[in-house]
Amino acid sequence: MTQPQLTKNQALVFDALSASQAPLSAYGILDQLRDKGFRAPLQVYRALDKLVEFGLVHRLESINAFVACAHPQNDCCSHGTVAFAICNNCGQVAEFHDHTIDHRLADWAKGKHFKAEKTTIEIRGLCANCV
């Protein structure tokens, strides 16, 4: 997949997420980018919406935060289920894919005549460093 052409705001938001060691909320991103001309949350949300659409960024639903995709060059979203292990202590996020889970969920959806549009799994707990 070729990387889409990003606007200035999209590139700034993506760079902030890529450089971060932990997920960032939209307001956290806004705080980091105020000196780059960001003044309103709407600027951040517009950029985030496009970055999510492009598959460059993921939204972590359970903590209302965002992370840069760990596999943007590999067309991450084509893998099916996106899964995250989120450490409750240090905030570290590990993104992973498991094709067995993909197949089991697809079989379930097919059996229920359910058309899944998006599947995200978030596992909350303690990472190896925090156990």
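**Exercise 1.** Which residues does alanine 47 touch, not counting residues up to four places away in sequence?

*Solution.* Start with the basis of the values. This is a predicted model, in which local features need pLDDT of at least 70, side-chain atom pairs count only at pLDDT 80 or more, and totals for chains, interfaces and linings use all residues. Residues are numbered from 1 along each chain as its sequence is written, and side-chain values use heavy atoms, with hydrogens and water left out.

Step 1. A contact means heavy atoms within 4.5 Å. With residues up to four places away in sequence left out, alanine 47 touches Asn9, Gln10 and Val13.

Step 2. Place the residue. Alanine 47 is found in helix α3, residues 41-54. Helices (H or I, at least four residues) and strands (E, at least two) are DSSP runs, numbered from the N terminus.

Step 3. Add a distance. Phenylalanine 14 is 33 residues from alanine 47 along the chain, and their C-alpha atoms are separated by 8.5 Å.

Step 4. Classify the accessibility. Buried means under 20% relative accessible area, exposed over 50%, and partly exposed in between (1.4 Å probe, protein chains only). Alanine 47 counts as buried because its relative accessibility is 3%.

**Exercise 2.** Describe how helix α1 packs against α3 and against α2.

*Solution.* Step 1. Two packed helices are described by the angle between their axes and the distance between the axes. Axes are lines fitted to C-alpha atoms, for helices over the stretch in contact, and angles run from 0 to 180 degrees between N-to-C directions.

Step 2. Take α1 and α3. Helix α1 covers residues 8-19, and its angle to α3 is about 75°, with the axes 9 Å apart. Angles under 35 degrees count as roughly parallel, over 145 as roughly antiparallel, 65 to 115 as roughly perpendicular and the rest as oblique. Therefore α1 and α3 are roughly perpendicular to each other.

Step 3. List the residues that meet. From α1 come Asn9, Gln10, Val13, Phe14 and Leu17; from α3 come Gln43, Ala47, Leu48, Lys50, Leu51 and Phe54. By class, this contact of α1 with α3 has 7 nonpolar, 3 polar and 1 charged residues. Here Ala, Val, Leu, Ile, Met, Phe, Trp, Tyr, Cys and Pro count as nonpolar, Asp, Glu, Lys and Arg as charged, and the others, Gly among them, as polar.

Step 4. Take α1 and α2. Helix α2 (residues 26-33) packs against α1 at an angle of about 105°, and their axes are 10 Å apart. That makes α1 roughly perpendicular to α2.

Step 5. On the α1 side, Leu12, Val13, Ala16 and Leu17 meet Ile29, Gln32 and Leu33 of α2. The contact of α1 with α2 has 6 nonpolar, 1 polar and no charged residues by class.

**Exercise 3.** What caps the N-terminal end of α4, and which residue with a positive phi follows α4?

*Solution.* Step 1. Helix α4 (residues 99-111) has 13 residues and reaches 18 Å from its first C-alpha to its last, close to the 18 Å expected at 1.5 Å a residue. The expected span is 1.5 Å times one less than the number of residues.

Step 2. Aspartate 98 is the cap: one of its side-chain oxygens lies 2.8 Å from the backbone nitrogen of threonine 100.

Step 3. Histidine 113 follows α4, and its phi is positive, near 55°. Histidine 113 lies in the loop between α4 and β5 (120-125) and is exposed, with a relative accessible area of 76%.

**Exercise 4.** Is asparagine 64 buried, partly exposed or exposed?

*Solution.* Step 1. Asparagine 64 sits in the loop between β1 (57-60) and β2 (65-68).

Step 2. Its relative accessible area is 41%, so asparagine 64 is partly exposed.

Step 3. Asparagine 64 is not a glycine, yet its phi is positive, at about 50°.

**Exercise 5.** Which side chain is joined to that of histidine 58 by a polar contact?

*Solution.* Step 1. Histidine 58 lies in strand β1 and is buried, at 7% relative accessible area.

Step 2. A polar contact is a pair of N or O atoms within 3.5 Å; within protein, one must be able to donate a hydrogen and the other to accept it, and residues adjacent in sequence count only if both atoms are side-chain atoms. The side chain of glutamate 95 is the partner, at 3.3 Å.

**Exercise 6.** How many helices and strands are there in the protein chain?

*Solution.* Step 1. The protein chain has 4 helices and 5 strands.

Step 2. Along the sequence their pattern is α-α-α-β-β-β-β-α-β.

Step 3. Of the 131 residues of the chain, 31% count as buried.
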